[in-house]
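Hi,

Here is the structure I promised to pass on to you. Please have a look at it first, and then read my notes below.

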Amino acid sequence: MTALLITDVLIAGGGPCGLMLANELGRRGIRCLLVDPKPGTAFNPQANATQARTMEHFRHLGFAPEIRAKGLPSDHPTDIAYLTRFSGAELARLRLPTAAAAPQVIKNLSGSWSAAELPHRVSQKYVEVSLRQHAQQRPSVDIRYGWQLKSFTDTGSGVEALVQAIDDTEPLAVRAAYLVGADGARSFVRSQLGIAWGGATGFKRNFMGGKMLAVYLKAPDFYARNPNDRAWMYVVVNPQLRAFIMSVDGVDEFAFHIQMNDDAATEALTEADARRLFAQAYGQDIGIEILSMATWLAGHALVAERFQKGRIFLGGDAVHLFTPTGGLGYNTAVEDAVNLGWKLAAVLKGQAPAALLDSYELERKPLAVRNTTYARQLADSIGLFDAAPELEDDTPAGAQARAAASAYLNGHVRREFNIPGITFGGRYDGSPLIVPDGSTPPPDQPNHYVPSACPGGRPPHAWLDDGRSLYDSFNFEWTLLVLGPEVPDARRFEQAAQQMGLDLKVARHASAELATLYEAPLVLIRPDQIVAWRGPDATRATEVLARAIGNG
Ligand SMILES: Cc1cc2nc3c(=O)[nH]c(=O)nc-3n(C[C@H](O)[C@H](O)[C@H](O)COP(=O)(O)OP(=O)(O)OC[C@H]3O[C@@H](n4cnc5c(N)ncnc54)[C@H](O)[C@@H]3O)c2cc1C
């Protein structure tokens, strides 16, 4: 007889989306089983940019400093540089703080960058290790790498599935209340459900459009033989080839990506070809060791038509596929998990109706469309730029071409890598969970973020007099901010929360500046750090809380 395992949530996929969901559920004591056929977390570097909002979510879970300590050495620059070759003439550069400086730098920024965290340049492979370790510390979380989801059925009252260890023939039957397919771009769950992709794909560009070769390599002499200042990411702009490379460990490991032709020959590339291409991109042969190589396709801006069918949910690359400009794929995947985690937990604990879960697709699909659109615009900005044929010539025409490229690329690098508007400006306007107050949300602009407590968006950030982040005064679940020197009576919120079984903490801050920043003395913050409501007093407490948990 097939053995049976009973759990609350079955998660297919142990990438960033599945692992983050295991953290969100585990932290709330919800039982979950995560299966992934790989032997462990990612070997390849994959994503390399953790956006500031993602860092704020890691901070909420308590491990942002641990993540910031990973990847590059703490004193390694995180600059992005554009060059004719990796060791060639520098054309443009955006200087960014080191991991050691970031926590101090952010305390002195304001406006678009009023935030608890700056972005962090760290390979996904290191982030996944932390996410896995933290999830595994939760007694309700069962993580099984080397296991695969083989089949599933939504019975209407639950999900019945078969999972199987890769090295075993005997499957294990799983009975769960919900299944989440966080199983990546080729999602088995999505294809079984027959959910189609929407959006667009197949964009052709000189760069970031079409087939790319990815090589994870060791280059011990990369820095020693390079006359340019150190950077985290180097982008080659050259009439002969287009490529980029990210430092993985700040010592000798790198993730190298080069634009290829869309022909079969690309699939047949050998390690010798990869060495030759790397030497061309670097500008000289410095000797490398290849750790892995694979091809991937740039030019997607795809969003699945549905993120949910019955008791089955989809998140991450399973429902949105990006071109990696802007570094948004993994970050959007993490935020899917943050949005879904508290909702699943609230329904499973009987605090909220099942209808709360319908808000997942309503809130996250528009965000996925928005983010893939921004990534596509950024890919056009760099990928449609032509490198002039004389760019490397030691002639007046060459110098002129480099100056023109420099002007363009110095603009582009700021468009792609200074994106507080994309990172912080995502909103859930129109969600049935959000209680509008008639105010107009700030405009959605990629490079500019306007802090606003208009319900539906990220709470404006501030540093408190004692040096803490305002966010550190938030509860893990619901928070009622009580702001300003006048102390409005918040008891109705506490009573209503108690009646609904919600964990709500009142965070009082007497600062008049905070009340001005939030334009209200009372503000309800959701567990995923989104403003659900703001208002002058607590008279509507029951109605507001009911709506925020899907009972509106
Ligand atoms: C070259 C490159 C560079 C990138 N750079 C960035 C960047 O800078 N910033 C950024 O935000 N994003 C970037 N991305 C994208 C990022 O890597 C992905 O968006 C991210 O990994 C998505 O996470 P996920 O958890 O949704 O899916 P994945 O990481 O793909 O994880 C899905 C998991 O599901 C597992 N799985 C598959 N089938 C099953 C099954 N039947 N049962 C159980 N498990 C299954 C897979 O083994 C896999 O581990 C980049 C991607 C590439 C290729």
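The lining of the second largest cavity is made up of five nonpolar, seven polar and three charged residues. (Ala, Val, Leu, Ile, Met, Phe, Trp, Tyr, Cys and Pro count as nonpolar, Asp, Glu, Lys and Arg as charged, and the others, Gly among them, as polar.) Those 15 lining residues include Gly425, Arg427, Pro442, Tyr449 and Val450, which lie nearest the centre of this cavity. Its volume is about 120 Å³. A cavity here is a set of points, on a 1 Å grid over the protein atoms alone, where a 1.4 Å probe fits but cannot get out, and lining residues have an atom within 4 Å of a point. Grid points are joined across faces, edges and corners, and a volume is the space filled by probe spheres set on the points.

Before you read on: this is a predicted model, in which local features need pLDDT of at least 70 and side-chain atom pairs count only at pLDDT 80 or more, while totals for chains, interfaces and linings use all residues. Residues are numbered from 1 along each chain as its sequence is written, and side-chain values use heavy atoms, with hydrogens and water left out.

In total there are four cavities of 30 Å³ or more. The largest has a volume of about 190 Å³. It is lined by 19 residues, and Arg53, Glu335, Asn371, Ile422 and Thr423 are the closest to its centre. Helices H2 (52–61), H9 (329–348), H10 (358–383) and H12 (420–424) each give two or more residues to this lining; helices are DSSP runs (H or I, at least four residues), numbered from the N terminus. H10 gives the most, with four residues. By class, the lining of the largest cavity has six nonpolar, seven polar and six charged residues.

There is a ligand to look at too. It has 32 residues around it (a heavy atom within 4 Å), and Asp36, Lys38, Gln124, Asp317 and Tyr330 come nearest. Some polar contacts (pairs of N or O atoms within 3.5 Å) involve the backbone: an N or O atom of tyrosine 330 lies 2.7 Å from a ligand oxygen, and one of proline 16 lies 3.2 Å from a ligand oxygen. For valine 35, the partner is a ligand nitrogen, 3.4 Å away.

Finally, the structure holds zero disulfides (pairs of cysteine sulfur atoms within 2.5 Å). The sulfur of cysteine 32 is 12 Å from the closest cysteine sulfur, in cysteine 17, so the two are too far apart for a bond.

Best wishes

Definitions and conventions:
1 Å grid on protein atoms, 1.4 Å probe; cavity = no way out; pocket = protein on both sides within 12 Å on 5 of 7 lines; lining within 4 Å. Polar contact = N/O pair within 3.5 Å; in protein donor to acceptor, adjacent residues only side chain to side chain.
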